[in-house]
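The exercises below ask for features that can be worked out from a sequence and a set of coordinates. Each task is followed by a solution in steps.

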Amino acid sequence: MSGIPGALDAIPLIGLVFQLMGYLIENINPISATTVAVSVPIALAALCGVMCERSGVVNIGLEGIMLICAFVGWYASALVAGALGPEAPFPLFGATPALLIGVLAAIVAGMLVSLLHAWLSISARIDQIIGGTIINIGAAGITGYLYTLVSGQSLTGAGQFTPLGVPQEVATVPLVGWLLNAVLNQGPIGLTTIIIVIIFQIMLFRSRWGLRTRAAGEHPRAVETVGIDVIRLRYRNVVMSGALAALGGAWLSMEYGTQFQANMTNGRGFIGLAAMIVGRWSPVGAFGAALLFASATGLSLSITISPPSGDLGNVFSYIPSEFWDALPYIITIVILAGVVGRSIAPAADGQPYERESAS
Amino acid sequence: MARLPRKAIALLAVSALVAAACSSAAATASPTATPTPAATPTPAATPTPATSASASAPATAFKIGVVTDVGRVDDKNFNQYSYQGAKDAADALGASVSYLVPKDATEYASDIQQFVDQKTNVIVTVGFNLGNDTIKAAKANPDIWFVAVDVAPCVDATGAPDSTFACKGDAATLLPHLIGIQFQEDQAGYLAGMVAAAVSKTGVIGQLGGINSNPAVVRYMQGYELGAKAYKSSVTVDSGFFSTGDITKAYGDPVFGKTFSQQFISQKKVDVLFQVAGATGNGALDAACAAGIYAIGVDVDQYQSYPSADKCIVTSAEKHLASAVSQTIKAINAGTAKGGISKFNAANDGIGISAFQNTSVTLPSDLQGKLDAALAAMKAGTLTTCTAQCGTWTGK
């Protein structure tokens, strides 16, 4: 361990920064491709969280909803593919009827699980953390058990969506080629995510629905006094948000991967929650945080695969790979603690709303 | 309104816990669904319904029982080929054979016990996961022969499974009726490396393993590198590992596997990728297909076991599970078998590479001849297929 301070002392900081920039520019293509791919499920989970919590419902069941949807989508598409036989995919995204039905099934499943969460937290008014935990534990158990049962059948699966693909001329455009390459080399769900982020951001801060949603999350009683049904609004938002997490699950088992795997979310829903907090409960912020976390993954993989030479390589060699996995949580704790710009949750987040007349 | 939901919530919470428990203890949920070995209609359920001699075999005949890993028996993977080997031996010996597919890890021991209760002569258990339960059963039933596929029995001084992997006890003397089938992975890797060097256009090939402290993974990779260099000395072999300690990332996360492999392919600019990493490695095959490069599978013929990557799989470095299991059972029947580790390699048809089924790959005309020559040299014991520190990763 005595080597660490010694190595750091000997390195001038400025040189190190330049070396890091050089290394990043050199490897920008693979790092950005990884970043965008890793960020998709995290961003979708985070968007689901934003929609719930902005209207005042805490949803930590994101991981479970994604897992259930990954299973339901994959299984539905495999069943349909088995029933229909091989079909020629559409020219765009390699979509087949089976895959499209799979995504629809995933969305329906996501909305149903979210409806359960909505009922638990809005009507039954239980502790919303416990409601989400029930979903997480239940999802891991149910999907694991069902997958064991299903793996006894001879399912070949329905394949996967294919990326849009980028022509070589576009990918090699100077300065922005890497960005176009990373963003456009996505399947339908990945590309939709970017569109959802933009629409959601505009809707949340520029529309009547958005104003009511934010108000219901900050001061539901005030919203109720002007004649808006807070309960219904929260129900609608929570159920709609389920579709977003569902897309994240479908992405795992049908767009990026080709089949379901027990526990395949592997913590991505929880990192999504962290992204929501770091992004200060705004869609664009959450997406940015997801990209930030994902870029840490991209950088750490890059360092593992082709370590930089010289002093920079020496510094990185002292960072264990577990540090990069922990980075999203470390950033979240730092931001929650208010060290770097405080992130404040909606005031009525997690508080069940009770009508005056009901009490 | 407020009373009823609270009870319902308690019910939900309980059912969630039950569901979670079920995934690890399915035995309690469906005890009747587990077929007893006697009730298993062997010929009907076999992957290749070629023989039915076993069903009518008399009760006093030599009996073979196979406990597979979870999944199904016709998985085109470890389960299928191990069972195939048991069936081949049964056909040759006029013995009866049946199998059990555990629903989850908690059923390994009870399924082995079912065969013990039926006075089965040889019990074959498939895969590393069943290793400890097999050792326990072998200790409790010294008269029955146990064949543990792909397991190096690690026991303490009393012959019990050693979870610390200190392996103080000598399994061969403590458990003389337990045979652990092991393979010389470096020979299979060597042949795969020759193929990789032959199909590579750029002369830069890659390989990705699960964890660098797993000797079997490392043997494959050391063989691959030597084989590639032997075919073409100018070839560059880039190696990487998915993780340094996280088992899930290393062997169970295909999404991470694909991410890692895509970045590996684009940074190292390899045009052939060999994977030694289980389900994570399947993500590597996906990544190779997505990048339009060739891939090489591992352990079994992945052209068959992982068809979604068929368009880029050239071949697979194979363990000949059926051959190894069949030979072991025949040796037991003949009375020539000994306890301990039974090593399979080229000399006893234990390893090889899969047939070239991908017609879109053009192979150099000299490849088959060189492969045959290498295999012959391995059989003769004149070809070095591993480094001096075989099984220990010393690379960067």
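**Exercise 1. Chain B as a whole**

Task: Among contacts in chain B between residues at least 6 apart in sequence, what percentage joins residues at least 24 apart?

Solution. Start from the contact criterion: two residues are in contact if their C-beta atoms, placed from the backbone, lie within 7 Å. For chain B, 71% of the contacts between residues at least 6 apart join residues at least 24 apart. The model is predicted, with local features needing pLDDT of at least 70 and side-chain atom pairs counting only at pLDDT 80 or more, while totals for chains, interfaces and linings use all residues. Residues are numbered from 1 along each chain as its sequence is written, and chains are lettered from A and ligands numbered from 1 in the order in which they are written.

Next, take burial: a residue is buried if 20 or more other C-beta atoms lie within 10 Å of its own, exposed if 12 or fewer, and partly exposed in between. By this criterion 54% of the 396 residues of chain B are buried. Finally, count elements, taking helices (H or I, at least four residues) and strands (E, at least two) as DSSP runs numbered from the N terminus. Chain B has 15 helices and 12 strands.

**Exercise 2. The sheet of 6 strands**

Task: Find the strand order of the open sheet formed by 6 strands of chain B, and state which strands lie at its edges.

Solution. Two strands pair if DSSP finds at least two bridges between them. The order that results is E7-E6-E8-E9-E10-E12 in chain B, with mixed pairing. E7 (236–243) and E12 (351–353) of chain B are the edge strands, since each pairs on one side only. From one strand to the next the twist averages 15°. Axes are lines fitted to C-alpha atoms, for helices over the stretch in contact, and angles run from 0 to 180 degrees between N-to-C directions.

Now go through individual pairs:

- E6(B), residues 204–211, runs parallel to E8(B) and is joined to it by 4 bridges; Gly209(B) stands opposite Val276(B) in E8(B).
- E8(B), residues 272–276, pairs with E9(B) in the parallel sense over 3 bridges, and Leu273(B) stands opposite Ala295(B).
- E9(B) runs parallel to E10(B), residues 313–319, with 5 bridges between them; here Ala295(B) stands opposite Ile313(B).

As for cover, 6 of the 6 residues of E9(B), residues 294–299, are buried. A helix also lies across this sheet: H9(B), residues 215–231, crosses E6, E7, E8, E9 and E10 of chain B and runs at about 170° to E6(B).

**Exercise 3. Two crossovers**

Task: Which helix links E8(B) to E9(B) in a β-α-β unit, and which links E3(B) to E4(B)?

Solution. A crossover is right-handed if, with the strands pointing away from the viewer, the path from the first strand over the helix to the second runs clockwise. Helix H12(B), residues 278–291, makes a right-handed unit with E8(B) and E9(B). Helix H6(B), residues 131–140, does so with E3(B) and E4(B).

The second unit can be followed further. E3(B) and E4(B), residues 145–149, pair in the parallel sense over 5 bridges, with Val122(B) opposite Trp145(B). E3(B) is also joined by 4 bridges to E1(B), residues 63–67, again in parallel, and Thr125(B) is the bridge partner of Val67(B). Both faces of E3(B) are covered: Val122(B), Val124(B) and Val126(B) are buried on one side, Ile123(B) and Thr125(B) on the other.

**Exercise 4. One residue**

Task: Is Gln182(B) buried or exposed?

Solution. Gln182(B) is located in strand E5(B), residues 178–183. Gln182(B) counts as buried because it has 22 C-beta neighbours inside 10 Å. Leaving out residues up to four places away in sequence, Gln182(B) touches Ala152(B), Ile341(B), Ser342(B), Lys343(B) and Phe344(B).

**Exercise 5. The interface**

Task: How many residues of chain A are in contact with chain B, and which helix of chain A gives the largest share?

Solution. The contact criterion gives 37 residues of chain A and 36 of chain B. On the chain A side, the largest share comes from H6(A), with 9 residues. Sorting that side by type gives 17 nonpolar, 20 polar and no charged residues. Here Ala, Val, Leu, Ile, Met, Phe, Trp, Tyr, Cys and Pro count as nonpolar, Asp, Glu, Lys and Arg as charged, and the others, Gly among them, as polar.
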